[in-house]
Amino acid sequence: QVQLVESGGGLVQAGGSLRLSCAASERTFSSYAMGWFRQAPGKEREFVARISRIGGRTFYADSVKGRFTISKDNDKNTVYLQMNSLKPEDTAVYYCNAITPSGSPLPSWGQGTQVTVSS
């Protein structure tokens with residue numbers, strides 16, 4: 001069973017920073033690449049960032065490149081998303097998930113964490 005627990009969201013002014021955390025089960029964390037996704041009100045969930053299972057290679061959506069950094073702590077089975085220079089359009093519920101070799105997230109999702117950026 002996939003277990004994903006996101007935390008770290010909140011309300012921040014434009015230009016501010018937040019760091020999100022996602023604790024995953026050891027089995028999930030050791031078996032898959034991990035990623036962050038977000039869903040804004042009235043919109044579909046979209047990809048934000050990904051980090052490979054081995055080697056820590058990262059990949060970002062164009063909308064967050066240069067502002068967000070994904071990282072992970074293998075000892076803690078935790079993946080992070082450092083978000084800097086936040087914009088109002090970053091407002092969304094943020095989710096983490098494992099990413100299969102085909103590039104798709106697993107079907108189970110955690111509760112997410114709300115990020116709200118005020119202008």
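Biologist: How many helices and how many strands are there in the protein?
Modeller: This is a predicted model, in which local features need pLDDT of at least 70, side-chain atom pairs count only at pLDDT 80 or more, and totals for chains, interfaces and linings use all residues. Residues are numbered from 1 along each chain as its sequence is written, while side-chain values use heavy atoms and leave out hydrogens and water. Helices (H or I, at least four residues) and strands (E, at least two) are DSSP runs, numbered from the N terminus. The protein has 1 helix and 10 strands.

Biologist: In what order do these elements run from the N terminus on?
Modeller: The elements to be placed are 10 strands and 1 helix. Read from the N terminus on, they run β-β-β-α-β-β-β-β-β-β-β.

Biologist: What is the radius of gyration of the protein?
Modeller: The C-alpha trace spans about 40 × 25 × 25 Å along its principal axes. For the radius of gyration, which is taken over C-alpha atoms, the globule rule is 2.2 Å times the number of residues to the power 0.38. With 119 residues that rule gives 14 Å, and the protein's own value is close to it, so the protein is as compact as a globular protein of that length, with a radius of gyration of 13 Å.

Biologist: Which strands make up the open sheet of 6 strands, and in what order?
Modeller: Two strands are taken to pair if DSSP finds at least two bridges between them. The pairing in this sheet is mixed. β2 (10-13) and β6 (58-60) have a single partner strand each and stand at the edges, so one side of each is left without a neighbour in the sheet. The full order is β2-β10-β9-β4-β5-β6.

Biologist: What is the average twist in that sheet?
Modeller: The angles rest on axes, which are lines fitted to C-alpha atoms (for helices over the stretch in contact), and they run from 0 to 180 degrees between N-to-C directions. From one strand to the next in the sheet β2-β10-β9-β4-β5-β6, the twist averages 25 degrees.

Biologist: Which residue of β9 is the bridge partner of Arg38?
Modeller: Strand β4 (residues 33-39) and β9 run antiparallel and are joined by 7 bridges, and one of the pairs between them sets Gly35 against Asn97. On its other side β9 is joined by 3 bridges to strand β10 (residues 113-118), again antiparallel, where Thr113 stands opposite Tyr94. For Arg38, the bridge partner in β9 is Tyr94.

Biologist: How many of the 8 residues of β9 are buried?
Modeller: Buried means under 20% relative accessible area and exposed over 50%, with partly exposed in between (1.4 Å probe, protein chains only). Across the protein, buried residues make up 44% of the 119 residues. β9 is mostly covered, and the number of its residues that are buried is 7.

Biologist: Which cysteine is joined to Cys22 by a disulfide?
Modeller: With a disulfide defined as a pair of cysteine sulfur atoms within 2.5 Å, the count comes to 1. The S to S distance of the pair is 1.7 Å, and both of its residues are buried. Cys22 lies in strand β3 (residues 18-24) and its partner in strand β9 (residues 92-99), so the pair ties together parts that are 74 residues apart in sequence. The partner is Cys96.

Biologist: In the open sheet of 4 strands, what is the order of the strands?
Modeller: The pairing here is antiparallel, and the edge strands, each of which pairs on one side only, are β1 (4-7) and β7 (68-73). β7 and strand β8 (residues 78-83) pair over 6 bridges, and Asp73 has Thr78 as its bridge partner in β8. The twist averages 15 degrees from one strand to the next. The order is β1-β3-β8-β7.

Biologist: Is Val12 buried or exposed?
Modeller: Val12 has its place in strand β2. Contact means heavy atoms within 4.5 Å; leaving aside neighbours within four places in sequence, Val12 is in contact with residues including Leu18, Leu86 and Val117. At 13% relative accessibility, Val12 counts as buried.

Biologist: What is the relative accessible area of Arg67?
Modeller: Arg67 lies in the loop between β6 and β7. Not counting residues up to four places away in sequence, Arg67 touches several residues, among them Gln82, Met83 and Asp90. Arg67 is buried, and its relative accessible area is 11%.
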